[in-house]
Amino acid sequence: MEPHSNQARPQLWRGMLRWCIPLAFLALVAWLVVREIDSLDLPAMQRSLLQMPLLPTLGIAALALGAVAFTGFIDVILARWLRLAVRGRKVFRLAFIANSLSNTLNLSGAMGSAVRLLGFVSMGVESSRAGALIGMQVLSLPLGLSLLVASTLLLGRVPAITASLAQWLVIAVLGAAILYLPLFCVLTARRGLMRWLPAQHALPSWPLKLQLSLLSLIDWLLAAAVLHACLELAGVPIRSLDLLACFAVASVLGLLSLVPGGIGVFDSILVLALAAFGYGQAASLAGLFLFRICYYVLPLFVGLGIGSGMLARRLPLLDRAGERLRRHPLFRVLDLPASLLANLGIRLLAVLTFAAGALLLASAAIPAVREHIEVVRDLLPLAAIESAYWLSILSGVLLLGLGRGIDGRLRLAYRLAMPLLLLSAVLALTKGLHYAEALFLLGVAGLLRLRKREFSQAAMSLSSTVTFGWFAGLLAVVAIFFAIGIGSVFGDDSFDLLYFGVDGHSSRLARGLVAALIGLITYLIWQFFAVRRAPLKLPDREELLRARRLFEEFGGGEFAHLCFMRDKYLFWSADGHAVMACGAVRDRLVALGSPCGSEAARRRAILDFRRFADAQDRVPVFYEVFERDLSLYHDLGFDLFKLGELAIIPLAEFNLSGKRWEDLRHALNRSAREQLDFELIEPPFDTVLMSELEQVSEQWLADKSAREKGFSLGRFDRDYLEWGQIAIVRRAGEIIAFANVLPAYGPGGVLSIDLMRHFADAPRGTMDFLFARIMLWGKEHGHDHFSLGMAPLSRVGDNPYARINERLAALAFEYGGRIYNYQGLRRYKEKFAPQWVGAYLAYPRGLWVPGLLLDIAALVAGGYRRFLLGGRHGS
């Protein structure tokens, strides 16, 4: 356990730093902004944006796409250096997708690295060579920034962001950034530090380092050129040297902040730096906003469009690729978020849908440009303009909420979001000619349309932490909008709710608050009723008879008969040729054993079950599957956890002679002295017999201080017992013990028993006598095997190479006798010298197994309330 603890500490510290560093940077920047920036004129900023001419704006957008694409030349150069058998066009395309994502979602470099690795591995590149390219690409990108910072300091153009100690910290950070280039050149010449390169490959040469440095410098200069064009178009007549100085400082601090895309840090530092050189804040913000759209958002849209579905279609490959990169020496510190990448495309679309709603509310909160409203008013009646404003707020709140449904791949959320986005784009033009807003909404709608097939969910969890997180974001945005609206109303002495006119922003905003409230209530009602999971239906007698016919034809497995308790649901494969019993607890859908049916149908049933669970936003789990079926679950992407072993007796070997059956032979001999009689009774059963059996059961439960269980264990239920035979033991005509017999359905079936109950004063060896007589009966009637049931946690984690969860389970087996007699149950069944068959839990990758086992224990107990109240097993 100690090595695992030592390994966990660095991961814990890295996780804490990834949160603390960005938060510290954001706090420092917020303090600087509050202290240094004057009050901003938002209408002036909006006017600067709206006055930008269309053709130059499109030209800047094209330049930005070219700037982001240029970074791919670094990948192409490195691919040639590593002699990768991949066409340059494919390398360039993959690089653009990775760069467009990492620009916005940079997680310590992990995002672009993971996308590159996934792409290269899918192209057949060895993971060692793919890792080498990625490592060199990550290390090469800051080279140009280091040169840019050095030029800034040499020219003495460092902007005085603040007169406080922070200015000296900025200079120190910039000085450290200059050292990156010489350190790169020196350290990459040492084989010990470059051990992640293929062993047979030469170290980077000086010409290669020079090429990478120049390409990186051009890359940063292109980004600065895009920013320069944006500021010029916004009305900021900035000098080139001033821009390079401000851009270098903001870029370095943005990278060090570890905030995705440097959002907030880069922007604030840049505005402060420009203000230090005397440039206007409102126009600078307008230019910076255009830069964010052109250099970050637009490439993100294009990258998502080009790589649409790439990650989702290769989910198993992604998991394996993530594991490979985690083992790579260079990337151990990155801890790649493979689970995030698995749903990257959909998660981004969900964020963009949420952002579309936030944009609609933000545009409503800022006063519209008078000239634009006057143009629209010449074309449309005032009622249409006011209605468009009101409806856009309603649509904005609904889109905020639908972001959660898009994240959950909810089919209904997609069907609602698409028309809302298209309608909102029309409303954006109607209420004030907001072209950029309309284009953004249309872009989100276009990306959603590209991923239409992936929205297959029919329901989602309403109580998960993910849902609460999205709902908290919705409430936060709506609350900010209300705060702005109420502040505007109270700040306007001439406020009149019923005033309609060009200058009636306060009145318009007050009416919009009503729309926001209606939207919020509408969304909550929709979420509660429309996306709830459909209730699972317990089987009726006709369905149970249909299942029994299938069991008798193909075999029912060890748990088939338990479906007749009617406390489980029956899940049928799409073709109706396989069935399994399952139960639900929290967001888990737990199947009991493997499906029953033909071999081909069983495989399809597992896949159908997983798809059904995914569509209901549930976790598919298979409880107690056996060794013969493990390949099915492995091939379909399940992980496995050993639960224990099943004791099976081949009845052909059972004859009561020899030392192996000595205890059973003594039990039979003793039964004659104790005047015990055995009888196997066929249904239907009369009321008197059932009353006697119930009396035995109730006394047994009281003696054991136990409660009835369910799911994988039987309980005393008259309807359930009517579906099979009952073995009873009488003493002098009085029933003192019984067990219900589970039939060996179909070919190769296994005979077993479920309830085993007796009076406390029953003679010693009564249950051994019952076992022996049932096995003799089974052998006489041609049955091949008899099951003694499970020995939980037996032979689990009993070697040093077992998984950590199974090694913890081994400790429970060793020392958990006070809670459950694990070892005693194993010893009792060993006296029958059975064949031991491993039983496993099959579950999707990434689940926390102890929590999953607690959920199943609660399911067996009849719910968490009964589980927490305690009580021993009642079977």
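1. Helix H7 passes helix H11 in a left-handed crossing in this predicted model. H7 covers residues 127-154 and H11 covers residues 240-256; the two pack at an angle of about 130°, and their axes are 9 Å apart. That angle makes H7 oblique to H11. The reasoning rests on a cut-off: an angle over 145 degrees would count as roughly antiparallel, and one of 65 to 115 degrees as roughly perpendicular.

2. The student may wish to locate the residues at which these helices meet. From H7, the participants are Leu 145, Leu 148, Val 149 and Thr 152. On the side of H11, they meet Leu 244, Ala 245, Phe 247, Ala 248, Ser 251, Val 252 and Leu 255.

3. Phe 247 deserves a second look, as this residue of the H11 contact also belongs to a cluster linked by ring pairs. The other members of the cluster are Trp 220, Phe 266, Phe 291, Tyr 295 and Tyr 296. For the model, the count of aromatic pairs comes to 24.

4. One pair in this cluster may be examined in detail. The ring centres of Phe 291 and Tyr 295 lie 5.3 Å apart and their planes meet at 10°, so the pair is stacked. Two cut-offs support this reading: centres must lie within 6.5 Å for rings to pair, and planes under 30 degrees apart count as stacked.

5. How far apart are Phe 291 and Tyr 295 in helix H13? Helix H13 spans residues 281-306, and because the two residues are four places apart in this helix, about one helical turn separates them. Phe 291 has a relative accessible area of 1% and is buried. Tyr 295 also counts as buried, with a relative accessibility of 8%; the cut-off for this term is under 20%.

6. Aromatic rings also take part in two arrangements with charged groups. Arg 546 places its charged end over the ring of Trp 572, at 3.6 Å from the ring centre. Likewise, the charged end of Arg 610 is found over the ring of Phe 638, where the distance to the centre is 4.5 Å.

7. A further arginine, Arg 773, lies in helix H30, which comprises residues 766-780. Is Arg 773 buried, partly exposed or exposed? Its relative accessibility is 31%, so Arg 773 counts as partly exposed. Apart from neighbours within four places in sequence, Arg 773 is in contact with Leu 668 and Phe 678. In addition, Arg 773 and Ala 727 are 46 residues apart along the chain, while their C-alpha atoms are separated by 9.0 Å.

Definitions and conventions:
Residues are numbered from 1 along each chain as its sequence is written. This is a predicted model: local features need pLDDT of at least 70, side-chain atom pairs count only at pLDDT 80 or more; totals for chains, interfaces and linings use all residues. Side-chain values use heavy atoms; hydrogens and water are left out. Rings of Phe, Tyr and Trp (its six-membered ring) pair if their centres lie within 6.5 Å; planes under 30 degrees apart count as stacked, over 60 as edge-to-face and the rest as tilted. Buried means under 20% relative accessible area, exposed over 50%, partly exposed in between (1.4 Å probe, protein chains only). A charge sits over a ring if NZ of Lys or CZ of Arg is within 6 Å of the ring centre and within 35 degrees of the ring normal. Axes are lines fitted to C-alpha atoms, for helices over the stretch in contact, and angles run from 0 to 180 degrees between N-to-C directions. Angles under 35 degrees count as roughly parallel, over 145 as roughly antiparallel, 65 to 115 as roughly perpendicular and the rest as oblique. A crossing is left-handed if the near helix is turned anticlockwise from the far one by less than a right angle, and right-handed if clockwise. Contact means heavy atoms within 4.5 Å.
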